[in-house]
Amino acid sequence: MTEREIYDTKFELLESSDMRQVKEYRVKLNDADGETSTYNITYYHNDIGNRVVEIKIWQLPTQKLALGGNSIDINSELGDAIIEFIDNQENRNELQSFLKAYDIGLDDADDGSWQGR
């Protein structure tokens, strides 16, 4: 992918599932040429689920998966772009969970109540 192609590429998170040792994401990619592709991304974690030990990406449909025909190299530009998109989605979800847990709104007016604490 060229720099222009990466810049013009749009990702959309279609769905995700979270199990203790496996996180799966389905992502739709709209590239600079107007082509649409769907990818499945699987993060495999260690036994206690706190560290990623392997990441696999493949293009759907998966009919060729057994032959390795749809596998995407995670170190390729496309692989990097997909992983960066997923990481950004996870960071956004964590921030939203934190804000919700502490009842903080991004548009709350500053009433100065923090002063003197």
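Phe11 is partly exposed in this predicted model, and its relative accessible area is 22%. Its aromatic partner Phe85 is buried, at 13%. The cut-off for burial is under 20% relative accessible area, so Phe85 at 13% counts as buried while Phe11 at 22% counts as partly exposed.

**Aromatic pairs**

The whole structure contains 2 aromatic pairs. In one of them, the ring centres of Phe11 and Phe85 are 5.2 Å apart and the planes meet at 25°, so this pair is stacked. Since Phe11 belongs to strand 1 and Phe85 to helix 2, the pair ties together parts of the chain 74 residues apart in sequence. Tyr25 and Tyr43 make an edge-to-face pair. Tyr25 sits in strand 2 and Tyr43 in strand 3, 18 residues apart, and the pair links distant parts of the chain. Both Tyr25 and Tyr43 are buried. A pair of aromatic rings is described by the distance of the centres and the angle of the planes; the table gives these values.

| Pair | Centre to centre | Angle between planes | Class |
|---|---|---|---|
| Phe11 and Phe85 | 5.2 Å | 25° | stacked |
| Tyr25 and Tyr43 | 5.7 Å | 75° | edge-to-face |

**Chain and sheet**

The protein chain has 2 helices and 5 strands, arranged along the sequence as α-β-β-β-β-β-α. Of its 117 residues, 25% are buried. When contacts between residues at least 6 apart in sequence are considered, 26% of them join residues at least 24 apart.

The 5 strands form an open sheet in the order 1-2-3-4-5, with antiparallel pairing. Strand 1 and strand 5 are at the edges with a single partner strand each, so each has one side without a neighbour in the sheet. Strands of a sheet pair through backbone hydrogen bonds, either parallel or antiparallel.

Strand 3 and strand 4 are paired antiparallel over 8 bridges. Tyr44 is placed opposite Glu54 of strand 4. The two strands, 3 and 4, make a hairpin with 6 residues between them, and in the turn Gly49 has a positive phi of about 80°. Strand 4 also pairs with strand 5, again antiparallel, through 2 bridges. Ile57 has Ile72 of strand 5 as its bridge partner.

**Thr36 in strand 3**

Thr36 is a residue of strand 3. Is Thr36 buried or partly exposed? Thr36 has a relative accessible area of 45% and is therefore partly exposed. With residues up to four places away in sequence left out, Thr36 touches Lys28, Leu29 and Asn30. With Asn30 there is also a polar contact, side chain to side chain, at 2.8 Å. The C-alpha atoms of Thr36 and Lys10 are 9.6 Å apart in space, while the two residues are 26 apart in sequence.

**Helix 2**

Helix 2 runs over residues 77-101 and has 25 residues. From its first C-alpha to its last, helix 2 reaches 36 Å, close to the 36 Å expected at 1.5 Å a residue. After helix 2 comes Asp103, with a positive phi near 50°.

The buried residues of helix 2 are Leu78, Gly79, Ala81, Ile82, Ile83, Phe85, Ile86, Gln89, Glu90 and Leu99. Which strands are included in what covers the buried residues of helix 2? The cover includes strand 1 (10-18), strand 2 (22-30), strand 3 (36-45), strand 4 (52-60) and strand 5 (71-72).

**Nonpolar core**

In soluble globular proteins, nonpolar side chains tend to be buried together. Here the largest nonpolar core has 14 residues, and Tyr39, Ile41, Tyr43 and Ile57 have the most contacts inside it. Strand 2, strand 3, strand 4 and helix 2 each contribute at least two residues to this core. Helix 2 gives the most, with 5 residues.

Two of the residues with the most contacts in the core also appear above: Tyr43 in the edge-to-face pair with Tyr25, and Ile57 as the bridge partner of Ile72. Beyond neighbours within four places in sequence, the contacts of Tyr43 are Gln21, Val22, Lys23, Tyr25, Val52, Glu54, Ile55, Ile83, Ile86 and Asp87. Among them, Ile83 and Ile86 are buried residues of helix 2.

Technical notes: Residues numbered from 1 in each chain as written. Predicted model: local features only at pLDDT ≥ 70, side-chain atom pairs only at ≥ 80, totals over all residues. Heavy atoms only, no water. Expected span 1.5 Å × (residues − 1). Buried < 20%, exposed > 50% of the residue type's maximum accessible area, 1.4 Å probe, protein only. Contact = heavy atoms within 4.5 Å. Phe/Tyr/Trp six-rings, centres within 6.5 Å; stacked < 30°, edge-to-face > 60°. Polar contact = N/O pair within 3.5 Å; in protein donor to acceptor, adjacent residues only side chain to side chain. Core = buried A, V, L, I, M, F, W, Y, C linked by side-chain atoms within 4.5 Å. Pairing = 2+ DSSP bridges.
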